[in-house]
Amino acid sequence: MGNDRFPVTRLSAIVAASSANQEERTRAFEALVSAYWMPVYKYVRIKWNKPSEDARDLTQGFFAEAIEKNFFARFDPSKAKFRTFLRTCLDGFVANENKAASRIKRGGDATILSLDFDGAEEQLRIAAPPAAGAIDEYFEKEWARRVFSLALEGFRAQMLGAGKETHLQLFERYVLDAEDDAPKTSYKALAAEFDLSTTNVTNYLALARREFRRIVLEKLRELTATDEEFRREARALLGVDPQ
Amino acid sequence: MRWLSDNAVERLREEADLPDLGGSKYLVLHKLGSGGMGTVYLAQDVDLGRKVAVKVMNVADSAGALASRMMREARIVALLEHPSIVPIHDVGALDDGRVFYAMKLVQGKRLDQSAGGAASLYDMLRIFQKVCEAVAFAHTRGVIHRDLKPENIMVGPFGEVLVMDWGVAKVLSAGRAEAALTSGDASAELSAIEDADLIETLPLAAGSPGDTSGGTIIGTPAYMPPEQARGQTELLDERSDVYALGAILYFLLTGRPPYESGRDAGEQAGSRRPVRPRQTDPKIPRAIEAICLKAMSESCEDRYASAAGMAADVVRFLDGDPVSAYRENIFEKAGRWLRKNRFLVLLILAYLIMRLIVFFSVGR
C-alpha cells in the first residue's frame, strides 16, 4: 500500500512531445490535439469572436504551427499549468494572425487531423454561451468536458473489447441516460430493466466505475507533464486532494 | 463522439471520484456528503446484505497524522455504545492509502434542517434533551465532543436523535474513562487514544461558517466556547460541550447561531456575549432563555457543571417545574403553577360555577 492514490501507467504526452523520436512525438501531438482542439476551437469562436470558418482555420493553423515549431517543448511545468501555457500560446498566435492577416495561407492549408468542427458548432449551438468575463472558466470547463469525453470513448472501447457490454450499458444507463434534473435510476429499477439481480447491478457498476476511473486518470496522466501537475489536475477534476 | 452536457460531466466526475473499496466487503453506491476530514458514502455491505454509511478520509496518508485522527475517532465512537451515538461496524484502509470506517446508516435530517418549520418548542426541547443525554453519556466515559453543532446532529423519522462526527473529540482521562468501562483491555485502548489526542490539526473544509476549522483552534466558531475560540485547548472540559449545547439551544430558539459570520464568529465567541434570544423573539419563555444563557456563560464556573445537569433543567422546564437557572417572581410562579395544573384549576372553576348556578337557582 502506498500513498499514491493515482496510478502512473501512461507516459505524459507533453513530455513525449519534445522526444527525439519522431514516431513518439507524432503520437504525443495526436493525443494533445485530440484533447485540446475542441476547447481551442470554441475558445477562438467565443473569446476572439471569430466566425466558424476563420475559427476552423485558426485551430488547424495553431496546431500546425505547434507541431512545426515544436513550441509545446517550451512548456515549463514549474511556471504554469499546461492549459494556461497553451492558451497563452493560442492568444499570441491569434493576435499575430490578426496582425499579419495571413491566416488563410498558414492555417487553411494545414489540415493536420480530421477534426469534427461541425460537431463543435452543434455543441456551441446547444450550450448556453459563457457569461461575460468568464472565458477562463469556460476554457477550463470545456477542457474537463473533453477529458471526460475522451475517457468515456476509451472506456467504451475497453469494455466492449473485454466482452463487458452489459457493464457498459448499465453504466451508461445509470450515469448518462437520466434527464438532466432527474434523480439517477435506482439499482432496483436497473435490475428489472436488465433482468439482473440487484446484487449483480451493484457489482457490475462497481467494476465499471473502477475501470472508468482508471481510464480518466490515465488520460490525465497523458495530458500532464509532471507528477505534481498530474496530482493537481486530478484534484481539480475529481475534487479530492491526493496528497 | 457523444456530446456531454454539464450535468453528464458532473455525474461522470462523481462516478470517477467514488472511492474504490474493491479490497473490502463494501461496494460504494453514491456520495451522501462531505466534511473537513472525510466524505461519507452510501455503501452496500456485501456479506450482510445491508446498507451502511462509509466515511472515507479525503486524503491519502495511511501512516500520517490524519489517518491517526480518523482511526482515533473510530475508536472513540466504538467506546460510546449509546442509542444516540452512531455505532461503527468496521475500520480499514483502501488500496490508495485512505482510511475508511463503516457505520450504521442514519436516515433522517440534520438538526439545522429539521428545526423550525412546524416543530413546536416542546418537540424541539425533547430532541434537545436527547442530545444533552447523549453528550452526558460521553462525558461519563471521559470523552468530550468539542464540535457540537446542529449540523452534527441527526433527527430520525421517529424522533430518534444521533450525535455525529466525533472527529475532534478528546479523551479527558484514560483512567477516568477506564473506570466507567468494564472491558479488561480498556486501559491500553484509552491510553492509545489519549496519546493520539496530541494531534491537534485537521484539514480545513472550505467555506461556510459551519465548517470545522483546522489549525490550533478546533471546532466551529459559531458554536464554540470562548476558551476554545482562544485556542486554550488545555482548558477544555465537559463545560466546553455545555457551552456548545447552549449555543445549539440558542439556534433552536432563535433559528440562527449565536454568532453569525465564520471568521468573526471565533473572535465574537472569544470576547463578547450573544444577543439575548428574547430580543429576537419576546415569546421565548424566560426560563428557557435563562437555561440557554447559563450554559453559554463566558466563565466555565458559571455554566452547568455537566450536560446531565443541563438536561435535568430542560426536563424541569418541560414538566412545568422551576429551573435552577432562573429565579421566578411571585407572579411567574403563580402563572407556571396555573399552567402546570390547568386541568385541576379548570375543574375547580367549573365546580365553583356550578355551585354559584345552584345557589342562585335555589335562592329564587
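A residue counts as buried if 20 or more other C-beta atoms lie within 10 Å of its own. The exercises below use this cut-off on a predicted model.

**Exercise 1.** State what share of the residues is buried in chain B, and then in chain A.

*Solution.* Step 1: apply the cut-off to chain B, which has 364 residues; 43% of them are buried. Step 2: turn to chain A, where 40% of the 243 residues count as buried.

**Exercise 2.** Describe the secondary structure of each chain.

*Solution.* Step 1: chain A comes to 11 helices and zero strands. Read from the N terminus, every element of chain A is therefore written α, since only helix and strand runs are listed. Step 2: chain B comes to 14 helices and 10 strands.

**Exercise 3.** For contacts between residues at least 6 apart in sequence, find the percentage that join residues at least 24 apart in each chain.

*Solution.* Step 1: in chain A the figure is 68%. Step 2: in chain B it is 60%.

**Exercise 4.** Describe how helix 2 and helix 3 of chain A pack.

*Solution.* Step 1: locate the helices, at residues 22-47 and residues 52-69 of chain A. Step 2: give the geometry. The angle is about 145° and the axes are 9 Å apart; the crossing is right-handed. Step 3: name the residues that meet. Helix 2 of chain A contributes, among them, Phe29(A), Trp37(A) and Arg45(A), while those from helix 3 of chain A include Ser52(A), Phe62(A) and Ile67(A). Step 4: sort the contact by class, which gives 11 nonpolar, two polar and one charged residues.

**Exercise 5.** Compare the span of helix 4 of chain B with the expected span.

*Solution.* Step 1: helix 4 covers residues 121-140 of chain B, 20 residues in total. Step 2: the expected span is 1.5 Å times one less than the number of residues, and for this helix that comes to 28 Å. Step 3: the distance from the first C-alpha to the last is 28 Å, close to the expected value. Step 4: look past the end of helix 4 of chain B, where Gly142(B) follows with a positive phi, near 80°.

**Exercise 6.** Work out the layout of the five-stranded open sheet in chain B.

*Solution.* Step 1: the strand order is 1-2-3-5-4, with antiparallel pairing. Step 2: strand 1 (26-34) and strand 4 (88-93) of chain B are the edge strands, because each pairs on one side only. Step 3: the twist averages 25° from one strand to the next. Step 4: strand 4 of chain B pairs with strand 5 (residues 99-104) over five bridges, and Gly92(B) stands opposite Phe100(B) in strand 5 of chain B.

Note on methods:
Residues numbered from 1 in each chain as written. Chains lettered and ligands numbered in written order. Predicted model: local features only at pLDDT ≥ 70, side-chain atom pairs only at ≥ 80, totals over all residues. Helix = DSSP H or I, 4+ residues; strand = E, 2+ residues; numbered from the N terminus. Buried ≥ 20, exposed ≤ 12 C-beta atoms within 10 Å, placed from the backbone. Contact = placed C-beta atoms within 7 Å. Axes fitted to C-alpha atoms, helices over the stretch in contact; angles between N-to-C directions. Left-handed = near helix turned anticlockwise from the far one by under 90°. Nonpolar A, V, L, I, M, F, W, Y, C, P; charged D, E, K, R; others polar. Pairing = 2+ DSSP bridges.
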